Amino acid sequence: MRILYTASEALPYAASGGLADVAGSLPAALCKAGHDCRVVLPLYKSIKPELREKLKFVKNFTVDVGWRKQYCGVFEGKANGVTYYLLDNEYYYARDGLYGFYDDCERFVFLSRAVMELIRQIDWKPQIINCNDWQTALVPVYYQTYYKFQYGYEDIKTVFTIHNIQYQGRYGMDVINDIMGIPMYHAKLLEYDGAVNLMKAAFETADKITTVSPSYAWEILDPWYSHGLDRALTNKQYKLCGFLNGIDTTLYDPEHDPLIPAHFTADDISGKAKCKTELMKSLKLASGDEPLIGIITRFVSHKGIDLIKYVFEEMLSLGCKFAVLGAGEKIYEDFFKEMAWRYPDKVSVTLGFVPELARKIYAGADMFLMPSQSEPCGLAQMISMRYGTLPIVRETGGLRDSVRDAGGENGNGFTFKTYNAHDMLNAVNRACDYYQDKEAWAKIVSETMKNDFSWDNSAKLYIGLYKELAGEE
């Protein structure tokens, strides 16, 4: 099959979050399965010089952005067996950072329109276009309103993937005419609650809507999770489904990872003890056999930091130690700094994001705490399990779909249901009790490391969806 995957960021070229991981890994898995999947993203200023040097200029053309005609250069790159098209316009993309500019609406209107124009410029026609989040949400809208009946665009199906429903692309109604160049008689496709909502427009026009986990697909029909879009989704349930994301099992591999002090496998986990000892030594934590809990996250309320804050000292009284890595809201940063100051031999806090330290925490911790309010998919719990570190999670979104409580069959972690600090504390307590039985703990660690969270599984589900849309068996 021929699939065009379009996103505002994708590894190895540009990344700010989980979307880049998906846009880097899923197309590679699709190509590995024998399909021709190509990726389109902007040519940002922040792309590393060594990657930029390998890009090949293909051609340039102009793109209509409202009443303007804007230059678009096309550069081609290859990575992990995937062809990448990077779209160049220095006015929009030669800036420090990917998002957060006053004209983000115009920058990503340009991207969506350029994706559609690109199809007539390259000698390749996709059967499926998979677009992601609000930044490329206009692709199915432009296809339905402008391109569907043009020569060379026949029978293309569109899929829209929601990575986080919180970010919707909301703007004033004036952008329809001035920036998008969409006739006002199509305004009802874009309008929601008195404003333009790009995500809602994709719901209206895409052939299928997917999310990054099965649980998130039904959670976002509930006002608690939907950030106001449940009304738009309720009557689109017939085209909504969820597939659990995977992780890059080559990058996250405890058997060969160059960033960890000792290697280990599911069959021989002895190296994990050395990883823990070295981690505690480097973080200046007191040596000892108490359970070490890792936390790697953004310090924001929807990641459940409030729960951690509320019962942190009670968790310490259970005998736990903590290795914390992250950054975010000052109130949470200050809290963690105070805990590290009060309990220097039990709590280590590193502000910021340090990939090498993250890997050492994944490998060296015994447990990984992730009590999110909502989590569309979550990759950290899968990475931690890959390294034999058992997750303690709230049952929401992808956490519910990937972690099974050790109190039942095939357990690979510890879960709690309600968003409540003492329910979380109870899960931590159960994990600490389980940890005391060294034989049982070693067995569950070994079994958990055998879980398959590779992209191959997710790719099969996407291929099934694409084939169904294209009418192939």
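This is a guided tour of one predicted model, moving from the whole chain to selected loops and helix pairs.

**The whole chain**

Begin with the full chain in cartoon view, where the secondary structure comes to 20 helices and 18 strands. The radius of gyration is 23 Å, close to the 23 Å that the globule rule gives for 473 residues, so the chain is as compact as a globular protein of that length. If you orient the view along the principal axes, the C-alpha trace spans about 70 × 45 × 45 Å. Colouring by accessibility will bring out the buried residues, which make up 59% of the 473 residues in the chain. Of the contacts with a separation of 6 or more, 70% are accounted for by residues 24 or more positions apart.

**Stop one: Leu11 and Pro12**

Select Leu11 and Pro12 and show the backbone between them, where the peptide bond is cis, with omega at about 5 degrees. Pro12 belongs to the loop that runs between β1 (2-6) and α1 (18-32).

**Stop two: Asp133 and helix α5**

Move next to Asp133, in the loop between β6 (128-132) and α5. Although Asp133 is not a glycine, its phi is positive, at about 60 degrees. Is Asp133 buried or exposed? Its relative accessibility is 10%, and because the cut-off for burial is under 20%, Asp133 counts as buried.

From this loop, extend the selection to helix α5 (residues 138-147), which is mostly covered, eight of its 10 residues being buried. Showing side chains here will display the buried residues of α5, among them Leu138, Val139, Pro140, Val141 and three tyrosines, Tyr142, Tyr143 and Tyr147. Thr145 is also one of the buried residues of α5.

**Stop three: helices α12 and α15**

Select residues 270-282 for helix α12 and residues 355-364 for helix α15, which pack at an angle of about 130 degrees with their axes 8 Å apart. That angle makes α12 oblique to α15, and the crossing of the two helices is left-handed. On the α12 side, look for Lys272, Cys275, Lys276 and Leu279, which meet Leu357, Lys360, Ile361, Tyr362, Ala363 and Gly364 in α15. By class, this contact of α12 with α15 has six nonpolar, one polar and three charged residues.

**Stop four: helices α13 and α14**

Now select residues 305-317, helix α13, together with residues 330-342, helix α14; these two pack at an angle of about 25 degrees, with their axes 11 Å apart. That makes α13 roughly parallel to α14, and α13 passes α14 in a left-handed crossing. Which residues of α13 and α14 make the contact? From α13 come Ile305, Asp306, Ile308, Lys309, Phe312 and Glu313, while α14 contributes Ile331, Tyr332, Phe335, Phe336, Met339 and Arg342. Coloured by class, the residues of this contact divide into eight nonpolar, no polar and four charged.

While helix α14 is still selected, pick out Asp334, which is found in this helix. At 31% relative accessibility, Asp334 counts as partly exposed. A distance drawn from the C-alpha of Asp334 to that of Glu472 comes to 56 Å in space, for two residues that are 138 residues apart in sequence.

**Stop five: Asn410**

Continue to the loop between α17 (397-402) and β18 (414-416), where Asn410 lies. Asn410 is not a glycine, yet has a positive phi of about 50 degrees. With a relative accessible area of 59%, Asn410 is exposed, whereas Asp133, the earlier residue with a positive phi, counts as buried.

**Stop six: helices α18 and α19**

Finish with helix α18 (residues 421-436) and helix α19 (residues 438-449), whose axes come within 5 Å and cross at roughly 110 degrees. That makes α18 roughly perpendicular to α19. To view the contact, show Ala431, Tyr434, Tyr435 and Gln436 in α18, which meet Lys438, Ala440, Trp441 and Ile444 in α19. The contact of α18 with α19 has, by class, six nonpolar residues, one polar and one charged.

Definitions and conventions: Residues numbered from 1 in each chain as written. Predicted model: local features only at pLDDT ≥ 70, side-chain atom pairs only at ≥ 80, totals over all residues. Heavy atoms only, no water. Axes fitted to C-alpha atoms, helices over the stretch in contact; angles between N-to-C directions. Helix = DSSP H or I, 4+ residues; strand = E, 2+ residues; numbered from the N terminus. Parallel < 35°, antiparallel > 145°, perpendicular 65-115°, else oblique. Left-handed = near helix turned anticlockwise from the far one by under 90°. Contact = heavy atoms within 4.5 Å. Nonpolar A, V, L, I, M, F, W, Y, C, P; charged D, E, K, R; others polar. Rg over C-alpha atoms; globule rule 2.2 N^0.38 Å. Buried < 20%, exposed > 50% of the residue type's maximum accessible area, 1.4 Å probe, protein only.
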